[in-house]
Each structure stands twice: as structure tokens, then as C-alpha cells.
Amino acid sequence: MTWSITTFSANQTFQCGRTLAPLLVAGDVVLLSGDLGAGKTQLTKGMADGLGVVEPVTSPTFNILLVHEGRLPLYHFDLYRLDRGAQLEDLDYYGTLEAGGVAVVEWGDRFAEAMPDDGISVTLNIVGDESRRIDLAPLGSRGAELAAAWAAGCDAVPGISVVESSR
Ligand SMILES: Nc1ncnc2c1ncn2[C@@H]1O[C@H](COP(=O)(O)OP(=O)(O)OP(=O)(O)O)[C@@H](O)[C@H]1O
Ligand SMILES: [Mg+2]
């Protein structure tokens, strides 16, 4: 199954991220792809809020990794500035994914080797000034379970549209 979620405001994308938070357990990985300004950071802000992170969440473009303390640690990566997948090892990317928190990776599709076996690959598309299509593609069995529950959660948010398709 895949899910196509449409939000019609930045706040709806935030609420969409927020519904994922209570479903997350240590070791979960969410990859975010999509153009500049598609809403990757906005979606992450909602996840962070739902995890109880109180400090502001900003794009980790220049830091590559920002860690926020919440119900679980949130490892917020942004791979935009990396040139080569081999740099992931220098950053201890793989160790961090298993460090007991939840990883959210902006530009997570940049390197094939950054893809986890289990998790959700999220692609955001700009469809209008204030609307975004957020496609969920699960990876592995944990990803399938998590994506299904997240899509159901988003469907319950007023205004957000969710379409499920089999593949
Ligand atoms: N439906 C929507 N969902 C998300 N953001 C929206 C929406 N409508 C408008 N926006 C605006 O689009 C912008 C999204 O910016 P954001 O930083 O989240 O993008 P990004 O994908 O992280 O970009 P970058 O690749 O630069 O990190 C914000 O200014 C936000 O207010
Ligand atoms: Mg961003």
C-alpha cells in the first residue's frame, strides 16, 4: 500500500507530522524528499511538537544533524550539503539511526545507501501556493505498519485528504 496525503496549509502539514509522533518507537526512520520549500521541515516541526520537543526546530542544512530531546530523542538530519554517500559514515549516520531515538532525514533519497530496510520514505510535492501532496512509501514490515497508522491519523484531521492505493 501507498498513501497520498494532501494538505492545504502549512498548519495542516504540521498537524500531519504531529499525528505520527505518538506512533513512533526507538529506531524508527522517516526519510523526507522533495523540492526546496516543499515542507520537509514543516512536517518535521509537527513530529517534534508531538514528541514533546519544546525548543524551536529549524532546518539542519548547515549542521547536517540537530538532536532534540522529547519523549524520544529526535535525530533531525539534512543530507542536502553532503557530496558523497561515504560521508554518512564519517557522520556516524548509521550508528545514530540505532542510537535509541527516531531519525527524520531531509533529502533522505540523496544516497541510495542512506535508505534503511525499515521505515517510511516520504515525498513532498508542491501542488499549489498552499497545498502539498505528501506521498508515503513504506519500507519493510515496520514501515508498512507505521505508514498505515500514520495515514489513518492524518485522515482524521479536518481538511486533510488521504487516498490509499495498492501497488
Ligand atoms: N501545505 C503546506 N505544507 C507545508 N508548507 C507549506 C504549505 N503551504 C505553504 N507552505 C510553506 O512552504 C514552506 C515550506 O518550507 P520548509 O522549510 O518546510 O521546506 P523544506 O522542504 O524543508 O525546504 P528545504 O529543502 O529548503 O529544507 C514554508 O514557508 C511553509 O509556510
Ligand atoms: Mg528543510
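Q: In this predicted model, what makes a set of residues a nonpolar core?
A: A nonpolar core is a set of buried residues of the Ala, Val, Leu, Ile, Met, Phe, Trp, Tyr and Cys kinds, joined through C-beta atoms within 7 Å. The largest one here has 40 residues, and Ile5, Leu32, Ala103, Val104, Val105, Val122 and Leu136 touch the most other members. Helix α5 (residues 140-155) gives the most to this core, namely five residues.

Q: What makes Val29, Tyr75, Phe77, Thr96 and Leu97 count as touching Ala103?
A: Contact means C-beta atoms within 7 Å. Leaving aside residues up to four places away in sequence, Ala103 touches those five: Val29, Tyr75, Phe77, Thr96 and Leu97.

Q: Why is α2 called mostly covered?
A: A residue is buried if 20 or more other C-beta atoms lie within 10 Å of its own. Ten of the eleven residues in α2 are buried, including Lys40, Leu43, Met47 and Gly50. The buried residues of α2 pack against α1, β2 (29-34), β3 (65-68), β4 (74-78), β5 (102-106) and β6 (119-126). Just past α2, Gly52 takes a positive phi of about 85°.

Q: How do you know which residues belong around ligand 1?
A: The C-beta atom has to lie within 6 Å of the molecule. There are 18 residues around ligand 1, and Thr13, Gly39, Lys40, Thr41 and Gln42 come nearest. Helices α1 (10-20) and α2 (40-50) each give two or more residues to this shell.

Q: How do the residues of that shell divide into nonpolar, polar and charged?
A: Three are nonpolar, eleven polar and four charged. Gly counts as polar in this scheme.

Note on methods:
Residues numbered from 1 in each chain as written. Chains lettered and ligands numbered in written order. Predicted model: local features only at pLDDT ≥ 70, side-chain atom pairs only at ≥ 80, totals over all residues. Buried ≥ 20, exposed ≤ 12 C-beta atoms within 10 Å, placed from the backbone. Helix = DSSP H or I, 4+ residues; strand = E, 2+ residues; numbered from the N terminus. Contact = placed C-beta atoms within 7 Å.
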